[in-house]
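Subject: Structure handover

Hello,

Here is the structure for your next round of work. Please load it before reading on.

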Amino acid sequence: MSDPFDVPPYHEWETAQPYAMWARARHTCPVVETPGNDWAPLPTFSTTTFADADRVLRDPDTFSASINAEAMAPFMGELMLGLDGEEHRRYRSLVAQAFKRSSIERWKPELVDGVLARLLDELAPQGRGDLVESLTAQFPVQVICGIVGVPLEDHDRFNQWAERINYGPLDPETGMAASAAMVAYLEPLVAARRAEPTGDLLSELVHAEIDGERLSDERLYGFLRLLLPAGAETTYRVFGSALLVLASDARLRDRVDADRRLVQSLVEETLRWETSVTMVSRRATVDTEIDGVAVAAGCPVTVYNGAANRDPARWPDPDSFDLDREPVAHLAFGTGPHQCLGMHLARVELEAGINAVLDRLPDLRLDPDAPLPHIAGYAFRGPATLPALWTPATLRVARSSAAPNSPV
Ligand code: HEM
């Protein structure tokens, strides 16, 4: 089948707008075969419908996740994302307890609400600012550092190592150095929690035991290295997209503000409409087919879960943001055995973040004097900036207590 994909070169991925191309492919050729090249000799198959994405992700025997470890293992260590079958199940069970909804609720008041309050105390009186720079890019990183037990003064350092590890395949020397530096930093924290658990995630991880088995050091550090890229990069982008929706539409903003039960709908519709992670990878283990297209053993398969989330066979008028949609499961967090381990944390953070913004940044709107922000990206999507205005709390109090004709 011919290739209706015109995948942008890597250096354009940050600014790409791929939804129209994915829609065309879904319509004309839902499973796209891209021929191999010198660098990757086998053809790659890309899926664009919900049904195909769901099928591939729920069939780990035919579509292995090992491909996820190929590029990142040298920098991240043994990756849960790259394991299959019983090995993956055992590794995941050791860390899963800490990410259950009930465990996450424990962190909400102190950590999630605490981080938001600190950031918004600084931002709220200013009345204007870039919400990506001052809020969304800070919040999930600080929550994860808090969960792991990294002290506040080291957050920037920790985040910088995570970024360098992430770019390891492009700059191996820097990636390896950052990977080693992060482990050297974590070793004393791990030793301290082994000796005396403090109730944080790290304490739980070093003492977790399933069927007499504990996390090896390699897996423990592999997991800790994965947490920031998996949990912070992803959540901050969706938070930015949800705030962009709110700031762009005063009627919708006021409706959600007046009925906070709608915050959950806002989060789920943002995850469907503009997930931050648009694609996940697998490799065929045997000769197989997807939607009638033959896929040979060993071929990479790219599941475009972003495209699946806008499949008109599942959502009417899928390109529009609609707060009143019937809730139907989307694929923002994937599905099957690798479904996002942090999805409860992400949802708690997003709901708390939106509620806090509605409480602390009243009349939130786009800054008309700044360039119009927009959501962009190929593999990861979100707004790069979000210049906004709001009414500082002091002004609001002054206005509501002033005489009716007062100019305040
Ligand atoms: C809106 C935010 C998030 C999105 C859109 C997202 C998306 C995803 C997706 C699509 C996968 C599946 C990957 C695959 O099948 O290959 C995944 C897996 C994973 N996510 Fe998330 N994620 C988010 C937040 C988080 C958070 C907050 C954490 C942790 C703190 C986290 C940790 C993980 C881990 C550890 C995995 C691997 C699970 C496994 O291999 O069994 N994610 N995520």
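Below is what was found, starting with the whole protein and ending with two backbone outliers.

**Overall**

Please keep in mind that this is a predicted model. The protein has 408 residues, and 52% of them count as buried. Its secondary structure comprises 16 helices and 12 strands. Along the principal axes, the C-alpha atoms fill a box of roughly 75 × 60 × 35 Å. The radius of gyration is 22 Å. A compact globule of 408 residues would have a value near 22 Å, so the two agree.

**The ligand and its iron**

The ligand carries an iron atom, and Cys340 is its only protein donor. The contact runs through SG, at 2.3 Å. Where does Cys340 sit? Its place is in the loop between helix H14 (305-308) and helix H15 (343-360).

The shell around the ligand holds 30 residues. The closest are His88, Arg92, Arg282, His338 and Cys340. By class, the shell divides into 18 nonpolar, 10 polar and two charged residues.

Which elements build this shell? Four of them supply at least two residues each: helix H4 (85-96), helix H11 (217-248), strand S5 (280-284) and H15. H11 gives the largest share, with seven residues.

Three polar contacts to the ligand are worth setting up in your viewer:

- Arg92: an N or O atom of its side chain is 2.7 Å from an oxygen atom of the ligand.
- Arg282: an N or O atom of its side chain is also 2.7 Å from an oxygen atom of the ligand.
- Ala230: here a backbone N or O atom is involved, 3.2 Å from a nitrogen atom of the ligand.

So much for the ligand. Now the sheets.

**The five-stranded sheet**

One open sheet has five strands, in the order S1-S2-S8-S5-S3, and its pairing is mixed. S1 and strand S3 (63-64) are the edge strands, each paired on one side only. Walk through it from the S1 end:

- Strand S1 (residues 31-34) pairs with strand S2 (residues 44-47) in the antiparallel sense, over four bridges. Glu33 stands opposite Phe45 of S2.
- S2 then pairs with strand S8 (residues 300-303) in the parallel sense, over three bridges. Phe45 has Val301 as its bridge partner in S8.
- S8 pairs with S5 in the antiparallel sense, over four bridges. Arg283 has Pro300 as its bridge partner in S8.

Phe45 therefore appears in two of these pairings, opposite Glu33 and with Val301. Pro300 is worth a look too. It lies in strand S8. Is Pro300 buried or exposed? Pro300 is buried, with a relative accessible area of 15%. For a distance check, take Pro300 and Ala96, which are 204 residues apart along the chain. Their C-alpha atoms are separated by 28 Å.

**The three-stranded sheet**

Another open sheet has three strands, in the order S4-S12-S9, with antiparallel pairing. Its edge strands are strand S4 (128-130) and strand S9 (365-366), each paired on one side only. S4 and strand S12 (residues 387-389) pair over three bridges in the antiparallel sense. In that pairing, Gly129 stands opposite Ala388 of S12.

**Two positive phi angles**

Most residues other than glycine have a negative phi. Two aspartates here go the other way.

Asp291 has a positive phi of about 55° although it is not a glycine. Its place is the loop between strand S6 (288-290) and strand S7 (293-295). Asp291 is partly exposed, with a relative accessible area of 46%.

Asp317 also has a positive phi, of about 45°, and it is not a glycine either. How accessible is Asp317? Asp317 is exposed, because its relative accessible area of 58% is over 50%. It lies in the loop between H14 and H15. Cys340, the iron donor, has its place in the loop between H14 and H15 as well.

That is the handover.

Best wishes

Notes:
Residues are numbered from 1 along each chain as its sequence is written. This is a predicted model: local features need pLDDT of at least 70, side-chain atom pairs count only at pLDDT 80 or more; totals for chains, interfaces and linings use all residues. Side-chain values use heavy atoms; hydrogens and water are left out. Donors are N, O and S atoms within 2.8 Å of the metal (3.2 Å for Na, K and Ca); water is not among the atoms, so sites may look incomplete. A residue is near a molecule or strand if one of its heavy atoms lies within 4 Å of it. A polar contact is a pair of N or O atoms within 3.5 Å; within protein, one must be able to donate a hydrogen and the other to accept it, and residues adjacent in sequence count only if both atoms are side-chain atoms. Ala, Val, Leu, Ile, Met, Phe, Trp, Tyr, Cys and Pro count as nonpolar, Asp, Glu, Lys and Arg as charged, and the others, Gly among them, as polar. Two strands pair if DSSP finds at least two bridges between them. The radius of gyration is taken over C-alpha atoms; the globule rule is 2.2 Å times the number of residues to the power 0.38. Buried means under 20% relative accessible area, exposed over 50%, partly exposed in between (1.4 Å probe, protein chains only).
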